[in-house]
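Here is a short set of exercises to work through with the model open beside you. Try each task first, then follow the solution step by step.

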Amino acid sequence: MSSPHVQLPLSRRGFLLASTGAAAALALAPTPALAGSRPFGRFGSPARRLTPNTLYVDTQGRGDHTTVQAAVNATTGSGWTLVIAPGTYRETVSLDATRTEATWIGASEDPRDVVIVYDNAAGTPKPDGSGTYGTTGSATTTLRADGFTARWITFANDWLRADHPDISGTQAVALKVMGDRSAFHHCRFLGHQDTLYADSLALTVFARQYFSHCYAEGDVDFVFGRATAVYEHCHFRTLDRTDLAAAPYGFVFAPSTADANPLGYLVSRGRISSEAPDAAYKLARPWVPSSDTTARPSLVVRNTWMGAGIDAVAPYTNMSNSYPWQNQRFAEYRNFGPGAEITVPENRPQLTDEQAESVTREAYRGDWQPWKEAC
């Protein structure tokens with residue numbers, strides 16, 4: 001999404017040092033296991049599969065495929081599981097809508113070990129000369145299928161402003177997920193602008209998504225989209241910036257909920273920390289995209305700790321003066337921490353106890369209960 005700031009080079013981020021170059025400095029995963037070891041742990045091996053519809057992915061060639069996309073391409077229909085060995089998978093990955101009920105598992109059960117990463121930005125020129133990628137096209141991983149589940153995987157985009165001062169389209173998506181019943185347990189989402197794009201396949205589709213015990217970091221609108229998404233026990237971290245002289249440095253959430261959808265983003269029992277100066281970040285701003293000017297962004301943050309990096313006096317702001325945040329569906333409930341202090345009540349709309357009783361994960365999920373599958 002667009003930012004009101006001129007995007008200048010950034011000197012550092014949570015997992016990269018720009019001075020060494022984006023690709024060379026990637027420190028997201030350990031050195032792949034030595035040949036002869038067992039890279040798939042308790043999830044077996046190609047010779048002894050979890051199910052007939054299981055494929056094993058390993059950069060060292062000890063599985064069925066060496067890339068995630070090759071494994072995806074080898075699946076047909078519904079119900080396939082990919083077990084992914086520790087390693088850095090530098091590629092873009094796309095799961096189309098026909099490959100439903102897919103499961104991707106990081107074999108080590110530590111998301112730091114299995115990293116899917118690439119470095120396209122919205123303004124990156126396409127190799128065929130047909131223009132630039134745009135925000136959606138910048139995504140490292142794109143998931144369109146319903147019923148997707150991921151465990152113990154890092155989804156990252158390591159594009160850096162500092163490496164590309166000539167590019168103005170600085171949105172760089174790590175993951176775009178559009179399918180209904182999409183669940184992520186113990187995953188990480190790493191990027192800067194527009195890191196985690198929780199969306200749907202169409203304006204009239206209210207895709208349900210669930211994120212449990214996940215970690216997301218970024219600076220501008222780094223959790224955004226129109227999905228009906230629950231973020232439970234998740235940690236959101238705002239990055240420092242040296243390219244801006246004054247706050248706000250960015251915004252954590254930017255929902256674009258359709259007006260017909262009664263529910264948008266719910267953040268529950270989470271944590272919002274920062275490596276930036278105090279009050280440098282806004283909690284949220286509403287995104288009303290040109291493709292849906294009737295959108296009424298919805299966000300509830302409840303029972304969540306907010307560090308001093310969030311501007312407690314004015315935690316919300318507008319993305320466009322045509323759609324003031326006060327006209328959207330933003331609310332909080334029983335948050336705590338220095339960034340959650342209610343100093344100007346009209347700037348922090350609060351749910352009543354009675355209202356909060358209906359703002360739960362069950363209300364957002366309907367008959368789908370992905371928390372029962374959480375590891």
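**Exercise 1. Partners along one strand**

Which residue stands opposite Thr 238 in E18? This is a predicted model, so keep that in mind as you go.

*Solution.*
Step 1. Start from the pairing: strand E15 (residues 215–218) and E18 run parallel and are paired over four bridges.
Step 2. Read off the partner: Gly 218 stands opposite Thr 238.
Step 3. Now turn to strand E21 (residues 271–274), which is parallel to E18 and joined to E18 by four bridges.
Step 4. Here His 235 stands opposite Arg 271, and the bridge partner of Arg 237 is Ser 273.

**Exercise 2. The two faces of E18**

Which side chains of E18 point to one face and are buried, and which point to the other?

*Solution.*
Step 1. Recall the rule: in a regular strand, side chains alternate between the two faces of the sheet.
Step 2. Apply the rule to E18: Phe 236 and Thr 238 share one face and are buried.
Step 3. His 235 and Arg 237 point to the other face and are not buried.

**Exercise 3. Placing E18 in a sheet**

In what order do the eight strands of the open sheet with E18 come?

*Solution.*
Step 1. The order is E3-E6-E9-E12-E15-E18-E21-E24, and the pairing is parallel.
Step 2. Look at the edges: strand E3 (87–90) and E24 each have a single partner strand, so one side of each has no neighbour in the sheet.
Step 3. Check the E24 end: strand E24 (residues 305–306) pairs with E21 in the parallel sense over two bridges, and Met 306 stands opposite Ile 272.
Step 4. Check another pair: strand E9 (residues 154–157) and strand E12 (residues 188–190) run parallel and are joined by three bridges. The bridge partner of Thr 154 in E12 is Arg 188.
Step 5. Return to Arg 271, the residue opposite His 235. Arg 271 lies over the face of Trp 305, 4.3 Å from the ring centre.

**Exercise 4. The sheet of 10 strands**

Which strands are the edge strands of the open sheet of 10 strands?

*Solution.*
Step 1. Write down the order, which is E1-E2-E5-E8-E11-E14-E17-E20-E23-E25, with parallel pairing.
Step 2. The edge strands are E1 (54–57) and E25 (329–333), as each pairs on one side only.
Step 3. Add the twist: from one strand to the next, the average is 10 degrees.
Step 4. Zoom in on one pair: strand E11 (residues 182–185) and strand E14 (residues 208–212) run parallel, joined by four bridges. Ala 183 in this pair stands opposite Tyr 210.

**Exercise 5. Stacked or edge-to-face?**

The structure holds 20 aromatic pairs. Is the pair Phe 184 and Phe 211 stacked or edge-to-face? And what about Tyr 249 and Tyr 281?

*Solution.*
Step 1. Know what to look for: a pair of aromatic rings is described by the distance of the centres and the angle of the planes. Planes under 30 degrees apart count as stacked, and planes over 60 count as edge-to-face.
Step 2. For Phe 184 and Phe 211, the centres are 5.0 Å apart and the planes are at 5 degrees, so this pair is stacked.
Step 3. Locate the rings: Phe 184 is in strand E11 and Phe 211 in strand E14, so the pair ties together parts 27 residues apart in sequence.
Step 4. Check burial, where the cut-off is under 20% relative accessible area. Phe 184 is buried at 0%, and Phe 211 is buried at 1%.
Step 5. For Tyr 249 and Tyr 281, the centres are 6.1 Å apart and the planes are at 75 degrees, so this pair is edge-to-face.
Step 6. Tyr 249 sits in the loop between strand E18 (235–238) and strand E19 (250–255), while Tyr 281 belongs to strand E22 (residues 281–284), 32 residues apart.
Step 7. Tyr 249 is buried at 10%, and Tyr 281 is buried at 0%.
Step 8. Finally, find the aromatic cluster that includes Phe 184, Phe 211 and Phe 236. Among its other members are Trp 104, Phe 148 and Tyr 265.

**Exercise 6. The whole chain**

How many helices and strands are there in the protein chain?

*Solution.*
Step 1. The chain has four helices and 25 strands.
Step 2. Of its 375 residues, 55% are buried.

Key
Residues are numbered from 1 along each chain as its sequence is written. This is a predicted model: local features need pLDDT of at least 70, side-chain atom pairs count only at pLDDT 80 or more; totals for chains, interfaces and linings use all residues. Side-chain values use heavy atoms; hydrogens and water are left out. Buried means under 20% relative accessible area, exposed over 50%, partly exposed in between (1.4 Å probe, protein chains only). Two strands pair if DSSP finds at least two bridges between them. Axes are lines fitted to C-alpha atoms, for helices over the stretch in contact, and angles run from 0 to 180 degrees between N-to-C directions. Rings of Phe, Tyr and Trp (its six-membered ring) pair if their centres lie within 6.5 Å; planes under 30 degrees apart count as stacked, over 60 as edge-to-face and the rest as tilted. A charge sits over a ring if NZ of Lys or CZ of Arg is within 6 Å of the ring centre and within 35 degrees of the ring normal.
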